[in-house]
Amino acid sequence: MKPIFLITLTSLTLFFGCTAFPSVNQDPAKNNKATYNKDLKECKEDYPELGSGLNIKQWIGCMNLKGWQ
């Protein structure tokens with residue numbers, strides 16, 4: 001395996017181990033799968049995928065702004 005792949009894999013593993021992706025909305029009326037998928041889709045459109053994986057942190061921040069915790 002190439003060293004850059006191992007470094008990236010290790011970094012992503014540590015990132016996901018320390019960060020929980022938001023899944024519950026503060027507003028009970030918005031706390032459903034349809035709204036969650038819509039909000040996540042909007043966040044993914046605003047912050048497209050990057051090779052480094054930093055987009056995941058941006059998605060989490062975007063979802064937090066939409067009321068997801």
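Buried here means under 20% relative accessible area, exposed means over 50%, and partly exposed is anything in between (1.4 Å probe, protein chains only). The model is predicted, so local features need pLDDT of at least 70 and side-chain atom pairs count only at pLDDT 80 or more, while totals for chains, interfaces and linings use all residues. Residues are numbered from 1 along each chain as its sequence is written, and side-chain values use heavy atoms, with hydrogens and water left out.

**Exercise 1. Sketch the overall fold and its surface.**

Step 1: start with the elements. Helices (H or I, at least four residues) and strands (E, at least two) are DSSP runs, numbered from the N terminus. The protein chain has 3 helices and 0 strands, and reading from the N terminus the order is α-α-α.

Step 2: look at burial and surface. Of the 69 residues in the protein chain, 23% are buried. The chain exposes about 5200 Å², with carbon and sulfur atoms supplying 63% of that; accessible areas come from the Shrake-Rupley method with a 1.4 Å probe, and for residues only the protein chains shown count as cover.

Step 3: check the contacts. A contact means heavy atoms within 4.5 Å. Take the contacts with a separation of 6 or more: 64% of them are between residues 24 or more positions apart.

**Exercise 2. Test the length of helix H3, then work out which way it faces.**

Step 1: get the expected span, which is 1.5 Å times one less than the number of residues. For the 12 residues of H3 (residues 54-65) that gives 16 Å, and the end C-alpha atoms sit 17 Å apart, which agrees.

Step 2: list the buried residues of H3. These are Asn-55, Ile-56, Trp-59, Ile-60, Cys-62 and Met-63. They lie on the same side of H3 because they cover an arc of only 165° around the axis, the arc being that of the directions from the helix axis to the C-beta atoms.

Step 3: turn the helix around. The face away from the buried side carries the exposed residues Leu-54, Lys-57 and Leu-65.

Step 4: follow the chain just past the end. Right after H3, Gly-67 takes a positive phi of about 100°.

**Exercise 3. Find the disulfide and describe it.**

Step 1: apply the rule, a pair of cysteine sulfur atoms within 2.5 Å. The count comes to 1 disulfide.

Step 2: name the partners. Cys-43 is joined to Cys-62, with an S to S distance of 2.1 Å. The pair links distant parts of the chain, with Cys-43 in helix H2 and Cys-62 in helix H3, 19 residues apart.

Step 3: read off the handedness. The angle about the S-S bond is -80°, and the link of Cys-43 and Cys-62 is left-handed.

Step 4: check burial at both ends. Cys-43 has a relative accessible area of 0%, so it is buried. Cys-62 is buried too, at 9%.

**Exercise 4. Trace the salt bridges and see how they connect.**

Step 1: set the criterion, a side-chain nitrogen of Lys or Arg within 4 Å of a carboxyl oxygen of Asp or Glu. The structure holds 3 salt bridges.

Step 2: begin with Asp-39, which is in helix H2 (residues 33-46). Asp-39 pairs with Lys-38, the closest N and O atoms being 3.6 Å apart. Asp-39 counts as buried because its relative accessibility is 7%, while Lys-38, at 46%, counts as partly exposed. Leaving out residues up to four places away in sequence, Asp-39 touches Met-63, Lys-66 and Trp-68.

Step 3: move on to Glu-42, partly exposed with a relative accessible area of 26%. Glu-42 bridges to Lys-38, with the closest N and O atoms 3.3 Å apart. Both lie in helix H2, 4 residues apart, about one turn of the helix.

Step 4: add the bridge from Glu-42 to Lys-66, where the closest N and O atoms are 2.6 Å apart. This pair links distant parts of the chain: Glu-42 is in helix H2 and Lys-66 is in the segment after H3, 24 residues apart. At 27% relative accessible area, Lys-66 is partly exposed.

Step 5: put the pieces together. Salt bridges that share partners join Lys-38, Asp-39, Glu-42 and Lys-66 into one network.
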